[in-house]
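User: Please take a close look at the site of the bound ligand in the model below.

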Amino acid sequence: MIKVAPSILSADYVNLQKDIEKVDKAGAELLHIDVMDGTFVPSISYGPGFVKAIRPITKMVLDVHLMVQNPEHILPMFIDAGADIIGVQVEATQHIHRALQIIKNGGVKAEVVINPGTPVSAIEPVLHMVDQVLIMTVNPGFGGQKFLPESVEKIAQLNEIKKQKGYDFDIEIDGGINNETVVDCYKAGATVAVAGSYVFNADDPADRIEAIRQATK
Ligand code: DX5
Ligand code: ZN
């Protein structure tokens, strides 16, 4: 069964605590927090203060996805804010190895993220040092986009390297995930599913989380 990481990008910001409690009660293992800087992606979302405010209200793993150009400078703020996992996009820095080192030295789990147009080979040199790899299944920047089916091949390719080298990182997928699109990703080796609009644009987020689980039994 896949682990579920609801993305609060699609939550109700006015009633955020209630929405977080709903997915927490439903047993979601991670809470996915999308940080967007208006440069690496067109949208702007929230910063370290937001992570800090959420930290005391849930025990879920705080999975922070930085869609931020040159993230090195702001990593210490997210480490201090209480993130459990911090993901950096390989396209956003000339120093991916250094960025991952900063995260790990801060005692936080390190994740590398690749966009749909970036090959798996671009992250091979840092796979030995990560706790999680995020394969974007849409182009980042917005919730509610359509899943890109060509992502499945990349998940399988990454999973093959993982097996061959004996790595134990999680493989996360993000973008357009629902109870149907998750199936092939899970079969290809994905272990964590981010879902934003599918979970929160529903009368009962718990039902949607359960549907993802049932689809990957
Ligand atoms: C996209 C973000 C996603 C987004 C997913 O840039 O990284 O985490 O919230 O939203 P859905 O599940 O609606 O595609
Ligand atoms: Zn994300």
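Which pocket is the space taken by ligand 1?

Analyst: This is a predicted model in which local features need pLDDT of at least 70 and side-chain atom pairs pLDDT 80 or more, while totals for chains, interfaces and linings use all residues. Residues are numbered from 1 along each chain, chains are lettered from A and ligands numbered from 1 as written, and side-chain values use heavy atoms without hydrogens or water.

Ligand 1 occupies the largest pocket (on a 1 Å grid over the protein atoms alone, an open set of points with protein on both sides within 12 Å along at least five of seven lines; more than half of the ligand atoms lie within 2 Å of its grid points). Around ligand 1 are 20 residues (a heavy atom within 4 Å), of which D34, G141, D174, G196 and S197 come nearest. By class, this shell has eight nonpolar, ten polar and two charged residues, with Gly counted as polar.

Three strands, β2 (30-36), β3 (61-67) and β8 (192-195), each supply at least two residues of the shell (DSSP E runs of at least two residues). The most come from β2, which gives three.

Polar contacts (N or O pairs within 3.5 Å) reach oxygen atoms of ligand 1 from side chains and backbone alike. A polar side-chain atom of D34 lies 2.7 Å from one such oxygen. For S7, a side-chain N or O atom is 2.8 Å from an oxygen of the ligand, and G144 places a backbone N or O atom 2.8 Å from a ligand oxygen. Taken alone, ligand 1 exposes 390 Å², and the protein buries 100% of that (Shrake-Rupley method, 1.4 Å probe).

How values were computed: A polar contact is a pair of N or O atoms within 3.5 Å; within protein, one must be able to donate a hydrogen and the other to accept it, and residues adjacent in sequence count only if both atoms are side-chain atoms. On a 1 Å grid over the protein atoms alone, a cavity is a set of points where a 1.4 Å probe fits but cannot get out, and a pocket is an open set with protein on both sides within 12 Å along at least five of seven lines; lining residues have an atom within 4 Å of a point. Helices (H or I, at least four residues) and strands (E, at least two) are DSSP runs, numbered from the N terminus.
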